[in-house]
Amino acid sequence: VPATPLTATPVASVGHSLSLIALGEPTTAAEAARRLGFTPRVPAALGKPDELYLHHDVDLPAVTLVWRGPDGAPLSLTQIAIAEFARKIVSEGGVRETTVNGATAMWLPGPHRLLLFGDGPPNAGLIASNVLIWVSDGFTFRLEGDVTLAEARRIAESVAPPATPVAD
């Protein structure tokens, strides 16, 4: 879909959306699970995150896990229990369809615009990093950072499905 210019909203240039949005409060996986009603899923390829945030400033159950590189650059995985909370605006040809564990996924190489919805004023930013978005088991996942498509898919495919309860 051709991009629609954002003329009414100023666009800030950011390397990663972590500098654009308020992530909420730092938390632990156990506290996030208690408050959100689901356990944050951690990619086996990355292991335990350096930071974990509960999103409380938006009306959706979501958590963001952050890993920091040696230079402090973030790689983030947001798990959202809702179908849509943002729109990406990219130039024609800027989105590439791919797969994660056989399911359709979307690869958005940077730069692209992120337009946030909500009760507050519209917020838009030009995201320089790459993003992989996919849906699994009723959750939307968004992996963002300075990774290639192959690396992003490897990380995404290592996000284990939730444990299935054993039937009696």
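**A predicted chain and its eight-stranded sheet**

Glu 25 has its bridge partner in strand 3, namely Leu 54. This pair is a convenient point of entry into the structure, which is a predicted model. The bridge belongs to the antiparallel pairing of strand 2 (residues 25-26) with strand 3 (residues 51-54), which extends over two bridges. A residue of helix 1 also meets this pair: Arg 35 is found in helix 1, and beyond its neighbours within four places in sequence it is in contact with Glu 25 and Leu 54. Arg 35 and Leu 54 are 19 residues apart along the chain, and their C-alpha atoms are separated by 8.8 Å. With a relative accessible area of 41%, Arg 35 is partly exposed.

Before the description continues, the confidence of the model should be considered. The chain averages a pLDDT of 76, and 65% of the residues score at least 70. Confidence is lowest in strand 1 (residues 11-14), where the mean is 44, and highest in helix 2 (residues 149-157), where the mean is 97. Over residues 1-14 the pLDDT stays under 50, although the model has 30 contacts beyond four places in sequence for this stretch. Where pLDDT is low, the predicted coordinates should not be read in detail.

The secondary structure of the chain comprises two helices and 12 strands. Along the sequence, these elements follow the pattern β-β-α-β-β-β-β-β-β-β-β-β-β-α. Contacts within the chain often link distant parts of the sequence: among those between residues at least 6 apart, 56% join residues at least 24 apart.

Eight of the strands form an open sheet with antiparallel pairing, in the order 2-3-4-5-12-11-8-7. Strand 2 and strand 7 stand at the edges, and each has a single partner strand, so one side of each is left without a neighbour in the sheet. Strands of a sheet pair through backbone hydrogen bonds, either parallel or antiparallel.

From the edge at strand 2, the path leads inward through strand 3. Strand 3 pairs in the antiparallel sense with strand 4 (residues 62-68) over four bridges, and Tyr 53 stands opposite Thr 64 of strand 4. In a regular strand the side chains alternate between the two faces of the sheet. In strand 3 both faces are covered, since Glu 51 and Tyr 53 on one side and Leu 52 and Leu 54 on the other are all buried.

Further along the sheet order, strand 12 lies between strand 5 and strand 11. Strand 5 and strand 12 are joined in the antiparallel sense over five bridges, with Leu 143 of strand 12 as the bridge partner of Leu 77. On its other side, strand 12 pairs with strand 11 in the antiparallel sense over seven bridges, and here Val 131 stands opposite Glu 144. The hairpin of strand 11 and strand 12 has two residues between the strands, and in this hairpin Asp 137 takes a positive phi near 55°. How many of the residues of strand 12 are buried? The count is seven of its seven residues. One side carries Phe 139, Phe 141, Leu 143 and Gly 145, while the other carries Thr 140, Arg 142 and Glu 144.

Helix 2 packs against this sheet. Its buried residues are Leu 149, Ala 152, Ile 155 and Ala 156. Seen down the helix axis, these residues fall within an arc of 130°, so they line one face of helix 2. An α-helix has 3.6 residues a turn, so residues three or four places apart point the same way. The strands against which the buried residues of helix 2 pack are strand 5, strand 7, strand 8, strand 11 and strand 12.

The largest nonpolar core has 24 residues, among which Val 63, Leu 77, Leu 132, Trp 134 and Leu 143 touch the most other members. At least two residues of this core come from each of helix 1, strand 3, strand 4, strand 5, strand 8, strand 11, strand 12 and helix 2. Helix 2 supplies the largest share, four residues. Leu 143 illustrates how these elements meet: beyond its neighbours within four places in sequence, its contacts include Leu 77, Leu 132, Trp 134, Ala 152 and Ile 155. In soluble globular proteins, nonpolar side chains tend to be buried together.

For the chain as a whole, 41% of the 168 residues count as buried. The exposed area is about 9200 Å², of which carbon and sulfur atoms supply 56%.

Technical notes: Residues are numbered from 1 along each chain as its sequence is written. This is a predicted model: local features need pLDDT of at least 70, side-chain atom pairs count only at pLDDT 80 or more; totals for chains, interfaces and linings use all residues. Side-chain values use heavy atoms; hydrogens and water are left out. pLDDT is the predictor's confidence in each residue, from 0 to 100. Contact means heavy atoms within 4.5 Å. Buried means under 20% relative accessible area, exposed over 50%, partly exposed in between (1.4 Å probe, protein chains only). Two strands pair if DSSP finds at least two bridges between them. The arc is that of the directions from the helix axis to the C-beta atoms. Accessible areas come from the Shrake-Rupley method with a 1.4 Å probe; for residues, only the protein chains shown count as cover. A nonpolar core is a set of buried Ala, Val, Leu, Ile, Met, Phe, Trp, Tyr and Cys residues joined through side-chain atoms within 4.5 Å.
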